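Please work through the exercises below with the sequence and the model side by side, trying each task before reading its solution.

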Amino acid sequence: MFGKQATEEMRVTACEPPSRYVVEAHAQGTRYVSEWALSEEGPGSTTVRMTFTATSSGGGVTGLLARFLGGIGARAVARTITKDLADVAATLENPTR
């Protein structure tokens, strides 16, 4: 994101196969939660809904910066998630790719 690479350790905190799982990460005072929900829409058709939240512990300069840059960060996260979901869809639609 923002032209930088980072590695974060994520933990699966909920798993309800085959319909839902949740992963969480904590980094630099922020808690990240991603939830993936899958629902069968018919033969050979599944809807994937992904939600993402980031909650800052909010104190000091980090909290102030997070509030100030919130809109920019939200747009960057939305672009990244959109690309990730497109990659998942492309792989599922053409698994030999």
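## Exercise 1: The overall layout

The protein contains two helices and four strands, and the model examined here is a predicted one.

**Task.** Find the pattern that the protein follows when read along the sequence, and state what share of the 97 residues is buried.

**Solution.** Step one is to walk along the chain from its start, which gives the pattern β-β-β-β-α-α. Step two is to turn to accessibility, where buried residues come to 18% of the 97 residues in the protein.

## Exercise 2: Building the sheet

**Task.** Work out in which order the four strands form the open sheet, and which of them are the edge strands.

**Solution.** Strands of a sheet pair through backbone hydrogen bonds, and this pairing can be either parallel or antiparallel. We take the neighbours in turn.

- Step one: β1 (11-16) and β2 (20-27) run antiparallel and are joined by five bridges, and V12 has V23 in β2 as its bridge partner.
- Step two: β2 pairs with β3 (residues 30-42), again in the antiparallel sense, over eight bridges, and here A27 is matched with T30 in β3.
- Step three: β3 and β4 also run antiparallel, with 12 bridges between them, and R31 finds its bridge partner in T55 of β4.

Putting these steps together gives an open sheet with the order β1-β2-β3-β4 and antiparallel pairing. The edge strands are then β1 and β4, since each pairs on one side only. Averaged over the sheet and with direction ignored, neighbouring strands are turned by 15° against each other.

## Exercise 3: Two hairpins and their turns

**Task.** Determine how many residues join β1 to β2 in their hairpin, which peptide bond is cis, and which residue in the turn between β3 and β4 has a positive phi.

**Solution.** Step one concerns the hairpin from β1 to β2, which passes through three residues. P17 lies in the loop between these two strands, and P18 is found in that loop as well. The peptide bond leading from P17 to P18 is cis, with omega near 0°.

Step two asks how accessible P17 is: with 66% relative accessibility, which is over 50%, P17 counts as exposed. The C-alpha atoms of P17 and L38 are separated by 9.4 Å, although the two residues are 21 residues apart along the chain.

Step three moves to the hairpin formed by β3 and β4, which has two residues between the strands, and G44 in that turn has a positive phi of about 75°. As background for both turns, most residues other than glycine have a negative phi, and most peptide bonds are trans.

## Exercise 4: Aromatic pairs across the strands

**Task.** Identify the two aromatic pairs, and explain why the pair of Y32 and F52 is stacked.

**Solution.** A pair of aromatic rings is described by the distance of the centres and the angle of the planes, and the count for this model comes to two pairs.

Step one takes Y21 and W36, a stacked pair with 6.1 Å from centre to centre and 0° between the planes. Because Y21 belongs to strand β2 and W36 to strand β3, this pair ties together parts that are 15 residues apart in sequence. Y21 counts as partly exposed, at 32% relative accessibility, whereas W36 is buried, with a relative accessible area of 15%.

Step two takes Y32 and F52, whose ring centres are 6.0 Å apart and whose planes meet at 25°, an angle under 30 degrees, so the pair is stacked. Since Y32 lies in strand β3 and F52 in strand β4, the pair ties together parts that are 20 residues apart in sequence. Both rings belong to partly exposed residues, with relative accessibility of 26% for Y32 and 30% for F52.

## Exercise 5: The second largest pocket

**Task.** Describe the space in the second largest pocket, and say which element gives the most to its lining.

**Solution.** Step one is the volume, which is about 230 Å³. Step two is the lining, made up of L38, T46, T47, V48, L85, V88, A89, L92 and E93. Step three assigns these residues to elements: β4 (45-56) and α2 (70-93) each supply at least two, and α2 gives the most, with five residues. Step four sorts the lining by character, which yields six nonpolar residues, two polar and one charged.

Conventions. Residues numbered from 1 in each chain as written. Predicted model: local features only at pLDDT ≥ 70, side-chain atom pairs only at ≥ 80, totals over all residues. Heavy atoms only, no water. 1 Å grid on protein atoms, 1.4 Å probe; cavity = no way out; pocket = protein on both sides within 12 Å on 5 of 7 lines; lining within 4 Å. Points joined across faces, edges and corners; volume = space filled by probe spheres on them. Nonpolar A, V, L, I, M, F, W, Y, C, P; charged D, E, K, R; others polar. Pairing = 2+ DSSP bridges. Axes fitted to C-alpha atoms, helices over the stretch in contact; angles between N-to-C directions. Phe/Tyr/Trp six-rings, centres within 6.5 Å; stacked < 30°, edge-to-face > 60°. Buried < 20%, exposed > 50% of the residue type's maximum accessible area, 1.4 Å probe, protein only.
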